[in-house]
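Okay, thanks everyone for coming. I'd like to spend a couple of minutes on how two chains sit against each other, so let's put the structure up.

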Amino acid sequence: MAILEFEKPIVEIQKKIQELKEISESSGMDVTAEIETFEKQALEYKKEVYANLTPAQRLQIARHADRPTFLDYVKLMTTDFMEMHGDREGMDDRAIIGGIAKIEDCSVVIIGTQKGKNTKENLTYNFGMPQPQGYRKALRLFNHANKFNMPIVTLIDTPGAYPGIKAEETAQGTAIAVNLREMAKLNVPVIAVITGEGCSGGALGLAVADRVYMLEHSYYTVISPEGCASILWRDASMAGTAAESLKITSEDLLKFGIIDGIVKEPLGGAHCDYEKMANDLKETIMRAIYELRDVNSKTLRNDRYNKYRRMGVFCQ
Amino acid sequence: MTVKDWFEQRKEMQIARRDKETRIDDSVGNLWVKCYHCNAQLLKKEVEDNMEVCPKCGYHFRINARTRINQLFDEGTFEELFGNITTADPLEFSDTESYKKRVTAARAKTNMNEAVISGVGEIEGELTAAAVMDFEFMGGSMGSVVGEKVTLAMEEALKREIPMIAVTASGGARMQESILSLMQMAKTSCAVAKLNEAGLLYITVLTEPTFGGVTASFAMLGDIIIAEKDARIGFAGRRVIEQTIRQSLPADFQTASYLMKYGQIDMISDRAGLKPMLAKIIRLHKKKKS
């Protein structure tokens, strides 16, 4: 498992505790009380570290190589998942995966961006950067959900829509724009969750929703801190400062009224406890589905429209 | 600095120069301008009289929103609306310069409140709502004000049951308003959904340059999409793509004709033909009064 810089002291302490345990076992000395004290102290220290992370450090958690991916959540949160492939126009983009599944007793269409955990997987999933065809596949699935009256759940973890020649030729901008417009018209509840990176239009293209949640350490922004730093500061190494200035944390977005809630992560981040993370996320999603599933479609659409209509801050 | 860095920097500078080359160089004094495209020395007046198009090579220079409005709308018919909406600084953003200062500077430079003018006016006698963007105001970037004013223009079209025209010129979303800028993409696109539901005609005119969050929202959602000659249009910027794929791009990449080739726009117009083209489209879509 990859260890982040600020995780190192914690890992160090845990190693020491482990050593102590081994010593006590081999020597027969009873140090249970001491170990307990150390563990308590370690936990307190860990809590303190994670409560005081900078946006740049939290960015590292959001991008952690072991962070649970869309398919991890599908496996842990749903049953009967059946993937639906392809955009019906010539491509099956692997950066966006979707299908039908059950969450508890409810049939849903679940769609998300997929990242890999190693180089091979990342090449398959294109590092979670969708092509236009991915957005068109998602649109096809949105329409499927609409037709069969199933709630839509989207899980988003993307550094952005892919910037490439083919993507431009096949209309990346149009693909995203059409999704924004069509999501506004859906008659079924849409619940979007930023699970890791929520970067720019590439994230928004799956996130025009009745409820939008963020995992505690995920981020959601108009441009990556690196991109912003290289444009505004003309220096990519200012990314940490940019991360702070852009106000990209879940708490910032809740404060701005952009998201509806934050799903707490296990201490140390989502990658430290997949089961707990998936379970807590499932609870949040189910609560939203129960809230929304009996709302009539016209009210749902109006509320969704009004929600986005109000967004923006200006003087008048 | 390593040799590699030096080469990188040199490349950056070349790209920066190329990006600039779509504007007129008016450094040669007040009377004369130089066309960056064909290097011709031109009388400023001559260029102005020719709708800011180079009389020698026909290159279309960037124009600001007011000039555009004067070119498109019948004289004296355009009524600006929502001009009282101005920029706030919700993030208290600051990079090498504070956002507030950048906005103040942009206002002084352009004599505009923000990067878009919304209103209603007549095109060959046809009343339409419009939102016209201005690239000179912070690169035409879309923050809360631009999103709001574009949406309000669309709502004006809904209210009066008239066509809507958006003329775009933008580098994309405004970074200084971060997530609030991103949400303007959703807001404007949702407003287009309303226009669609009401059966109202929505035309977009993409002008040099139209990129990023504007491309990925209301710009590419026109019932009819027109690109002006010499406009460059895309989602990701050329530089970002070059850095990602590490190979050079075709010379005509992201030009109007390139987009036409790939089926992304309906038509291309030169500047002089734009107004008659819009009027013709509007007339063709006019519903007979029953």
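So, what's in contact here? On the chain B side we have 60 residues, and they touch 47 residues of chain A. Keep in mind that this is a predicted model. For the area people, about 4,700 Å² gets buried between chain B and chain A, and carbon and sulfur atoms give 70% of that.

Now the polar side of things. How many salt bridges are there between chain B and chain A? The count is two. One I can point you to pairs the side chains of A:R309 and B:E148, at 2.9 Å from N to O. Then there are the polar contacts: 17 residue pairs between the two chains, with both partners at pLDDT 80 or more.

Which elements of chain B are doing the touching? Four of them supply at least two residues each: β4 (86-87), α5 (144-160), α6 (178-198) and α8 (238-245). Of these, α6(B) gives the most, with 18 residues. If you sort that whole side of chain B by residue type, you get 32 nonpolar, 20 polar and eight charged.

Last bit, and please look at the strands for this one. Strand β9 of chain A, residues 314-315, is joined to β4(B) by two bridges. Parallel or antiparallel? The two strands run antiparallel. To find the spot on screen, go to A:F314 and look across: B:T87 in β4(B) stands opposite.

Right, that's what I had. Over to you for questions.

Key
Residues numbered from 1 in each chain as written. Chains lettered and ligands numbered in written order. Heavy atoms only, no water. Contact = heavy atoms within 4.5 Å. Buried area = accessible area lost by both parts, 1.4 Å probe. Salt bridge = Lys/Arg side-chain N within 4 Å of Asp/Glu carboxyl O. Polar contact = N/O pair within 3.5 Å; in protein donor to acceptor, adjacent residues only side chain to side chain. Helix = DSSP H or I, 4+ residues; strand = E, 2+ residues; numbered from the N terminus. Nonpolar A, V, L, I, M, F, W, Y, C, P; charged D, E, K, R; others polar. Pairing = 2+ DSSP bridges.
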